[in-house]
Amino acid sequence: MQRLSTDALNLDGQGELYKQLYLSLRQQILSARWSTGALLPSERQLAADLNLSRSTVQQALQQLVAEGYLQPQQGRGYQIVNTLPDNFFAADTKSLHSSNWQAQDYGLTAKTMSHSGRLQPGLTQVQQFPFQLWQKLQQRHSNRVALCGMADPLGYLPLRHALVQYLRQSRQLVCDENAILITAGAQQALFIAAKLVACSGQQVLMESPGYPRLKHALQLAELNLGFIPAAGTNGLNPDLLPPNSDVKALFLTPSHQYPCGGIMPLTERLRLLNWAQATQCWLIEDDYDSEFQYLHRPIASLQGLAGGKGVLFAGSFSKTLFPALRLGYLVVPPELAGKASAIQQALHGDVALLPQAVLADFIGEGHFNRHLRKMRRYYQQQKQQVVSLLQQHFPQNRILAQAAGLHLTMLIPGLKDDAALCQQLNFHGFKLQPFSRYCFLNEPERGLVIGIADADEGRLSQLIPLLQSLLTKLD
């Protein structure tokens with residue numbers, strides 16, 4: 001088989017060399033200029049023709065292998081295994097019934113959350129955050145009169161500009177500043193997404209195990225909620241989705257399934273997009289923990305693969321910066337931006353402008369990317385330490401979610417009541433969560449969801465003997 005030529009490859013000069021090569025190769029595959037089954041130029045040829053080191057070429061190729069674009073061939077190099085069309089689908093906007101939506105007061109009172117505890121999922125290591133720099137940026141904007149008035153309904157424009165650049169580069173999103181709504185966290189973004197894509201009584205799907213707060217939000221929106229198993233290594237399995245149905249939306253976490261840790265590979269993302277096209281179902285992509293991938297760079301988002309059509313993309317800065325910041329975003333097709341901002345205004349009003357201005361500078365001046373690189377290394381070391389100790393002291397237990405994120409899930413064979421176990425741990429100051437809390441399909445397994453952000457040696461040395469003692473008593 002004849003090898004492809006390097007003539008079509010161009011490095012744009014933006015960012016690290018391996019990423020430039022990765023993006024150039026990926027573009028050739030996505031644009032169908034290179035056909036399925038073709039052999040790439042050899043590593044030596046790529047390095048020589050593009051004036052790159054072999055290690056840079058290998059890094060780019062390994063990322064493409066990890067994402068499912070390439071397959072190594074013994075003695076032959078790398079072969080293309082998939083070719084992507086430019087656009088996958090456009091969901092049926094007629095199903096949105098935009099003129100029928102009205103803000104509703106459901107009369108519900110939020111349940112007061114208990115205080116934070118050690119090894120609690122969802123927390124970050126705030127001691128590592130550059131608060132002095134943040135304060136300096138905040139002082140820069142503290143006396144700006146323009147930040148004391150009414151906000152743009154979509155959010156602070158410089159922040160949306162900064163997000164466009166970040167999301168295009170890091171997640172390959174297809175968007176501009178008119179497609180981004182700044183929200184008060186990811187939870188609000190998901191609720192707004194629910195109100196955008198479905199009306200009361202219509203059917204939507206979410207993952208099980210999955211995020212309890214999402215379940216509550218969808219129930220609050222009075223939607224008919226169903227569940228799809230998602231505990232596998234790759235997260236949700238598209239083959240389990242109904243082939244013919246009236247499902248209006250599917251909510252999922254393909255970049256890092258919560259709490260089981262599955263990362264959906266490219267091949268299954270494509271099958272999922274084909275299913276969504278065939279059923280005219282909206283996809284709500286919660287980009288949970290995508291910034292903290294430890295084995296390879298994040299796989300391209302569903303939103304980017306779909307050309308920005310039919311997928312709503314939600315994210316926040318709770319894990320990358322700190323939870324109390326309460327800033328998130330929702331990326332929508334531009335034609336839905338007006339309705340999205342109207343829903344937010346009815347629910348919440350303006351999002352505070354000062355933290356948006358500070359965050360815009362934090363991203364635009366490069367501090368955000370530097371902080372991410374630092375914290376990625378830090379959390380990876382934390383996770384490796386926790387995994388090593390848990391495997392050493394609890395070898396009979398299965399540990400999930402090792403490849404990404406700020407938590408681990410440890411399944412404990414024979415455990416009957418993980419909620420009772422967590423109550424005992426909470427009494428001693430540990431805020432681990434019971435795995436059963438995330439299970440909506442009566443999954444039989446029980447275990448613990450463990451935050452790793454603050455898992456230092458001292459806390460682990462206290463937790464392990466305590467957990468051993470409690471498990472012995474529960475036997």
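## The seven-stranded sheet

Two strands count as paired here if DSSP finds at least two bridges between them. With that in mind, have a look at this predicted model. One open sheet is built from seven strands, in the order E3-E9-E8-E7-E6-E4-E5, and its pairing is mixed. At the edges sit strand E3 (180-183) and E5, each of which pairs on one side only. Going from one strand to the next, the twist averages 20°.

Take the E3 side of the sheet as a place to start. E3 is joined to strand E9 (residues 328-331) by four bridges, and these two strands run antiparallel. If you want to spot the match by eye, find Ile182, which stands opposite Tyr329 in E9.

## Helices that go with it

Helix H8 (residues 266-279) lies across E6, strand E7 (282-286) and strand E8 (311-316). Its direction is at about 145° to that of E7.

Then there's helix H7, which covers residues 212-220. Which of its residues are buried? They are Pro212, Leu214, Ala217 and Leu218. The cover over the buried residues of H7 includes helix H6 (186-197), along with strands E4 (203-208), E5 (224-229) and E6 (249-252). Just after H7 comes Glu222, with a positive phi of about 60°.

## A second, four-stranded sheet

There's also an open sheet of four strands, ordered E10-E11-E13-E12, and its pairing is antiparallel. Its edge strands are E10 (398-400) and E12 (433-434), each pairing on one side only.

E10 and strand E11 (residues 407-411) run antiparallel and are joined by three bridges. For one of the matches, look at Leu400: its bridge partner in E11 is Thr409.

## Around His367

His367 lies in helix H12, which spans residues 367-393. Is His367 buried or exposed? Its relative accessibility is 15%, and since buried means under 20%, His367 counts as buried.

The His367 side chain makes a polar contact with the side chain of Glu365, at 3.1 Å. Leaving out neighbours within four places in sequence, His367 is in contact with Leu133, Leu137, Asp361 and Phe362.

## Aromatic rings

A pair of aromatic rings is described by how far apart the centres are and by the angle of the planes. Searching the whole structure turns up 16 aromatic pairs. One of them is the edge-to-face pair of Tyr211 and Tyr258, at 6.1 Å centre to centre with 80° between the planes. This pair links distant parts of the chain, 47 residues apart: Tyr211 is in the loop between E4 and H7, and Tyr258 is in the loop between E6 and H8. Tyr211 is partly exposed at 29% relative accessibility, whereas Tyr258 is buried at 8%.

Phe292 and Tyr379 have ring centres 5.2 Å apart and planes at 85°, so they are an edge-to-face pair too. Phe292 is in the loop between E7 and helix H9 (302-305), while Tyr379 is in helix H12, so the pair ties together parts 87 residues apart in sequence. Phe292 is buried, with a relative accessible area of 0%, and Tyr379 is buried as well, at 2%. Elsewhere, Phe129, Phe131, Trp134, Phe322 and Phe362 form one aromatic cluster; Phe362 is also one of the residues in contact with His367.

## Arginines over rings

Two arginines are worth a look. Arg118 has its charged end over the ring of Phe430, 4.1 Å from the ring's centre. Arg437 lies over the face of Tyr438, at 5.5 Å from the ring centre.

Conventions: Residues are numbered from 1 along each chain as its sequence is written. This is a predicted model: local features need pLDDT of at least 70, side-chain atom pairs count only at pLDDT 80 or more; totals for chains, interfaces and linings use all residues. Side-chain values use heavy atoms; hydrogens and water are left out. Buried means under 20% relative accessible area, exposed over 50%, partly exposed in between (1.4 Å probe, protein chains only). Contact means heavy atoms within 4.5 Å. A polar contact is a pair of N or O atoms within 3.5 Å; within protein, one must be able to donate a hydrogen and the other to accept it, and residues adjacent in sequence count only if both atoms are side-chain atoms. Axes are lines fitted to C-alpha atoms, for helices over the stretch in contact, and angles run from 0 to 180 degrees between N-to-C directions. Rings of Phe, Tyr and Trp (its six-membered ring) pair if their centres lie within 6.5 Å; planes under 30 degrees apart count as stacked, over 60 as edge-to-face and the rest as tilted. A charge sits over a ring if NZ of Lys or CZ of Arg is within 6 Å of the ring centre and within 35 degrees of the ring normal.
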